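Colleague: I am new to this structure and should be grateful for a guided introduction. May we proceed by question and answer once it is in view?

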Amino acid sequence: MITDTSFLYNKFKNKSFYGEIARIGVIEKKTSREEKGKDIETKTTSYVITNLETISIENLQAIKLSHWNIESQHWLLDVVL
């Protein structure tokens with residue numbers, strides 16, 4: 001989690017950069033599954049930009065997971081309808 005985002009404002013010489021960027025987080029996820037007798041491991045990286053100044057990486061991860069839970073429900077509704 002990057003908590004000092006002043007480098008963005010200095011680099012682009014702006015007072016404000018897309019509103020306020022308070023934190024930048026990186027969430028890496030590894031999954032493994034078995035396919036045709038072989039173990040396959042997949043790694044994905046998500047970058048999160050937020051204006052929340054007091055958020056922890058654990059809270060950020062919980063928000064991300066709950067968001068995808070909602071998105072998966074929308075997908076299910078789209079398929080059914």
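**Questions on the model**

Colleague: How far does the backbone oxygen of Glu53 lie from a polar atom of the side chain of Arg23?

Modeller: Arg23 is found in strand E1, residues 23-35; strands are DSSP runs of E with at least two residues, helices are runs of H or I with at least four, and both are numbered from the N terminus. A polar contact is a pair of N or O atoms within 3.5 Å; within protein, one must be able to donate a hydrogen and the other to accept it, and residues adjacent in sequence count only if both atoms are side-chain atoms. From the backbone oxygen of Glu53 to a polar atom in the side chain of Arg23, the distance is 2.6 Å.

Colleague: What is the mean pLDDT of the chain?

Modeller: This is a predicted model, in which local features need pLDDT (the predictor's confidence in each residue, from 0 to 100) of at least 70 and side-chain atom pairs count only at pLDDT 80 or more, while totals for chains, interfaces and linings use all residues. Residues are numbered from 1 along each chain as its sequence is written, and side-chain values use heavy atoms, with hydrogens and water left out. In this chain, 93% of the residues reach 70 or more, and the mean is 81.

Colleague: Which element of the chain has the highest mean pLDDT?

Modeller: At the lower end stands helix H1 (residues 6-12), whose mean of 77 is the lowest among the elements. Where pLDDT is low, the predicted coordinates should not be read in detail. The highest mean, 90, belongs to residues 38-50, which form strand E2.

Colleague: Which side chain of opposite charge is nearest to Arg23?

Modeller: Arg23 is buried (under 20% relative accessible area, against over 50% for exposed and partly exposed in between, with a 1.4 Å probe and protein chains only) yet has no salt bridge. Such a bridge is a side-chain nitrogen of Lys or Arg within 4 Å of a carboxyl oxygen of Asp or Glu. At 7.4 Å, the nearest side chain of opposite charge is that of Glu53.

Colleague: How many salt bridges does the count come to?

Modeller: Glu28 and Lys43 join their side chains in a salt bridge, with N to O at 3.9 Å. This pair links distant parts of the chain, 15 residues apart, with Glu28 in strand E1 and Lys43 in strand E2. Arg33 forms a salt bridge with Glu35, their closest N and O atoms being 3.1 Å apart. By the rule above, the count is two.

Colleague: Why does Lys43 count as exposed?

Modeller: Its partner Glu28 is exposed, because its relative accessible area is 53%. Lys43 likewise counts as exposed, because its relative accessibility is 51%.

Colleague: What is the phi of Lys36, which is not a glycine?

Modeller: Lys36 is found in the loop between E1 and E2. The residue counts as exposed because its relative accessibility is 82%. Although Lys36 is not a glycine, its phi is positive, at about 55°.

Colleague: Is Thr5 buried or exposed?

Modeller: Thr5 lies in the segment before H1. A polar atom of its side chain is 2.5 Å from the backbone oxygen of Ile21. Because its relative accessibility is 6%, Thr5 counts as buried.

Colleague: How far apart in space are Ile24 and Asp78, C-alpha to C-alpha?

Modeller: Ile24 has its place in strand E1, and it is buried because its relative accessible area is 16%. In sequence, 54 residues separate Ile24 from Asp78. In space, their C-alpha distance is 32 Å.

Colleague: By what distance are the C-alpha atoms of Lys11 and Ile27 separated?

Modeller: Lys11 is in helix H1 and counts as exposed because its relative accessibility is 62%. Along the chain, Lys11 and Ile27 are 16 residues apart, and their C-alpha atoms are separated by 24 Å.

Conventions. Lys, Arg positive; Asp, Glu negative; His and termini not counted.
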